[in-house]
Amino acid sequence: MSRINTLLRSGLPLLVLLVPESAHAHLVSTRFGEFYSGLLHPLTTLVHLVPWLALAMFASMQGKAFARRSLPLFPLAVAFGVLLGISFGGLQSLLIPNILSFVVLGGLVALSYPLPRAVGLTAVVLFAISHGYANGDVDLADGSLTLYVAGVTTAAYLVVALGAGAAVAISERAAWGQIALRALGSWILAAGLIYGGFELMGVSGA
């Protein structure tokens, strides 16, 4: 009898392990999925990421006062554009203006051309609304509008803040820094011309 009891005690845990049970994991995306979606959407799309980096370099070249004003202005204008895009959507024609921002911002960085502050900040706002609008043309899975807008806005702030900070550090701490930034601006300009050319010719996958 004692031997039977021993076998039951040793075999019972094994039987329990063999019985399949459903697992309930806590997914990160369950609550913040739309936030991450908004955060990653512009960061994983070159038509947004490259011009945003160009804007960060442009802002750093316009002086610290301009850069400080651009830091809150750009993400707030992007958020406004996302809300417009979600509300109205469907403006595929914004792709060309957004590609054109490669050329304009890349050219301004390449030339290191100073703009009047009001003109420069107006350009930042219009540029941000246009890119925000394009990021708002999405189908939200669970309708978490606030989280999605917060994600895109956070991405806009991080790209401009980190990009402008890096550009200032490069230009101030290295003799070749300003030349490197201007060269990078010319590459962005060239990439915009090629990208825009492919889009105008209707080349698939451009």
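Phe58 is buried in this predicted model, with a relative accessibility of 2%. Phe66 is likewise buried, at 2% relative accessibility. The two rings form an aromatic pair. Their centres lie 5.7 Å apart and their planes stand at 85°. The pair therefore counts as edge-to-face, since the angle is over 60 degrees.

Phe58 also belongs to the largest nonpolar core. This core holds 35 residues. Trp52, Leu55, Phe58, Phe74 and Val78 touch the most other members. Several helices supply the core. Two or more residues come from each of α3 (46-61), α4, α5 (95-111), α6, α7 (145-173) and α8 (177-201).

Leu55 shows how distant parts of the sequence meet in the core. Beyond its neighbours within four places in sequence, Leu55 is in contact with Phe74, Leu105, Val124, Phe127 and Val160. Two of these partners, Phe74 and Phe127, recur in an aromatic cluster. Trp52 completes that cluster. Trp52 and Phe74 are also among the core residues that touch the most other members.

In total, 5 aromatic pairs are counted. One of them joins Phe35 and Tyr36. The geometry is again edge-to-face, with 5.8 Å from centre to centre and 75° between the planes. The surroundings of Tyr36 can be set against those of the Phe58 and Phe66 pair. Tyr36 is partly exposed, with a relative accessible area of 36%, whereas Phe58 and Phe66 are buried.

Helix packing was examined next. Two packed helices are described by the angle between their axes and the distance between the axes. Helix α4 spans residues 64-87 and helix α6 spans residues 117-135. Their axes come within 7 Å and cross at roughly 30°. The crossing is right-handed. Residues of this contact divide into 16 nonpolar, 6 polar and 2 charged. Both α4 and α6 are among the helices that give two or more residues to the largest nonpolar core.

The overall fold is helical. The protein chain has 8 helices and 0 strands. From the N terminus on, its elements run α-α-α-α-α-α-α-α. The chain comprises 206 residues, and 35% of them count as buried. Contacts reach far along the sequence. Among those between residues at least 6 apart, 88% join residues at least 24 apart.

Conventions: Residues numbered from 1 in each chain as written. Predicted model: local features only at pLDDT ≥ 70, side-chain atom pairs only at ≥ 80, totals over all residues. Heavy atoms only, no water. Axes fitted to C-alpha atoms, helices over the stretch in contact; angles between N-to-C directions. Helix = DSSP H or I, 4+ residues; strand = E, 2+ residues; numbered from the N terminus. Left-handed = near helix turned anticlockwise from the far one by under 90°. Nonpolar A, V, L, I, M, F, W, Y, C, P; charged D, E, K, R; others polar. Core = buried A, V, L, I, M, F, W, Y, C linked by side-chain atoms within 4.5 Å. Buried < 20%, exposed > 50% of the residue type's maximum accessible area, 1.4 Å probe, protein only. Contact = heavy atoms within 4.5 Å. Phe/Tyr/Trp six-rings, centres within 6.5 Å; stacked < 30°, edge-to-face > 60°.
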